Structure formats: C-alpha cells, structure tokens
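Colleague: Please take a close look at one part of this model for me, the nonpolar core together with its aromatic pairs. I would like one connected account that begins with the terms.

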Amino acid sequence: MYADFNYYQIEYGGKVIGSADDFAHFGRKAERRLDTITGGKLQFAFPTKKKDKQAVKDCFCELTDFLYQLDSYQNTAMDNAGVVEQADGTVRGKVITSISSGSESISYSAKSSADTSLMEAAKDKKVADAMILSMVRDGLSGVPDANGVNLLYAGIPYPVRRE
C-alpha cells in the first residue's frame, strides 16, 4: 500500500477509519483505483521527492477514507431507509412523504432534500467513479513519478526507467 495506518492517523490526521484491518481492506481498494488511474506508474516509478511522495500518500488516504465512508453509507442506508430501484438500475433511498391513519396509507418518495454527494455516490456507481477520478486528479495533478513524468499522463510512449 502507498501509506500505512500509522501515516494515516498521524501524518494525514485520519479519523474516519478506526482500525488497521479496515484501513488495510479499503486501502487495497484505493491502491487498485490509484493504479488504474495512473496506469500503474506508482508500482515501478514511485515519486522520489518528499513533497511528491506526500501528495501520493495523502491522495491514497483521502481515497481510502472515501471508499470506507461510501461502503458504510451503503450498508446503513440500505438497512435503515429502504430503497427504490429505478428503471436504469440506479437505487434511490425511500423517504416517507405522507402517512394517513384511516386505512394506514404511507407514501414514499425516491428523492430526499437532504441528499449529499456521498449519498448520491452511494446510490450511483457512475457518480462514485466520477468523484474518485476528481479526487485523484485534485490530489495528483502536476505530481511527477520517479522518471519526471506526470502521474496522470496517459500518453504513449512512456519513457523507460533510467538507472
């Protein structure tokens, strides 16, 4: 992984994930996402400058936090609120809009006025993927790898590692 639980807690100041096991689980997911977005450059050309290393570690920790929160929200929201599956496959949480007492009628809405970006990401994978990509772009824009090539550079050919 690109950062350990100690770095997460002390250097990054992470408070969302409470256990090293949870950090390791969601850290592996974050690592795969970073590797996909950076074309695997971090595996063979991890940055050498201190500030660039720190940018990668901070981005990794932010992404790990996000994936943990996303999973937590999905688990609790689905258990507590119930869901309505839309025709396009997206899932929306139910919100009670009215209750009648006469013959016990309850009306639900699939839209909440309290929706947040995390809630939207939990309900729609495309939103989550866009947020992850945005998070990585914000965290790694302008950060070079060990070869001096921007981590987000996706062009070809990629320079061969210099010894």
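Modeller: Helices (H or I, at least four residues) and strands (E, at least two) are DSSP runs numbered from the N terminus. By that rule F44 lies in helix α3, which covers residues 41-44. This is a predicted model, in which local features need pLDDT of at least 70 and side-chain atom pairs pLDDT 80 or more, whereas totals for chains, interfaces and linings use all residues. Numbering starts from 1 along each chain as its sequence is written, and side-chain values use heavy atoms, leaving out hydrogens and water.

To set the scene, the chain has six helices and four strands, and from the N terminus on its elements follow the order α-α-α-α-β-β-β-β-α-α. Of its 163 residues, 33% count as buried (under 20% relative accessible area, against over 50% for exposed and in between for partly exposed; 1.4 Å probe, protein chains only). Among the contacts (heavy atoms within 4.5 Å) with a separation of 6 or more, 59% join residues that are 24 or more positions apart.

The largest nonpolar core (buried Ala, Val, Leu, Ile, Met, Phe, Trp, Tyr and Cys residues joined through side-chain atoms within 4.5 Å) holds 30 residues, and L34, F60 and L63 are the ones that touch the most other members. Two or more residues of this core come from each of α1 (5-10), α2 (20-37), α4 (50-80), α5 (117-123) and α6 (125-140). The element that gives the most is α4, with 10 residues.

L63 is a good place to look into this core. This leucine lies in helix α4, and because its relative accessible area is 0%, L63 is buried. Leaving aside neighbours within four places in sequence, L63 is in contact with A30, R33 and L34, and also with I132, M135 and V136. The C-alpha atoms of L63 and M131 are 9.8 Å apart in space, although 68 residues separate the two in sequence.

Aromatic rings are the next topic. The count of aromatic pairs comes to eight, where rings of Phe, Tyr and Trp (its six-membered ring) pair if their centres lie within 6.5 Å, with planes under 30 degrees apart counted as stacked, over 60 as edge-to-face and the rest as tilted. In the pair of Y8 and F23, the ring centres are 5.0 Å apart and the planes stand at 40°, so this pair is tilted. Y8 belongs to helix α1 and F23 to helix α2, and the pair links these distant parts of the chain across 15 residues. Y8 is buried because its relative accessible area is 0%, and F23, with 1%, is buried as well.

F23 also forms an aromatic pair with F60, and this one is edge-to-face, with 6.0 Å from centre to centre and 80° between the planes. Because F23 lies in helix α2 and F60 in helix α4, this pair ties together parts that are 37 residues apart in sequence. F23 and F60 are both buried. Ring pairs join Y8, F23 and F60 into a cluster that also takes in Y2, F5, Y12 and F46. F60 therefore appears twice in this account, in that cluster and among the three residues that touch the most other members of the core.

To return to F44 in helix α3, this phenylalanine is partly exposed, because its relative accessible area is 39%. F44 and N147 are 103 residues apart in sequence, yet from C-alpha to C-alpha they are 9.8 Å apart in space.
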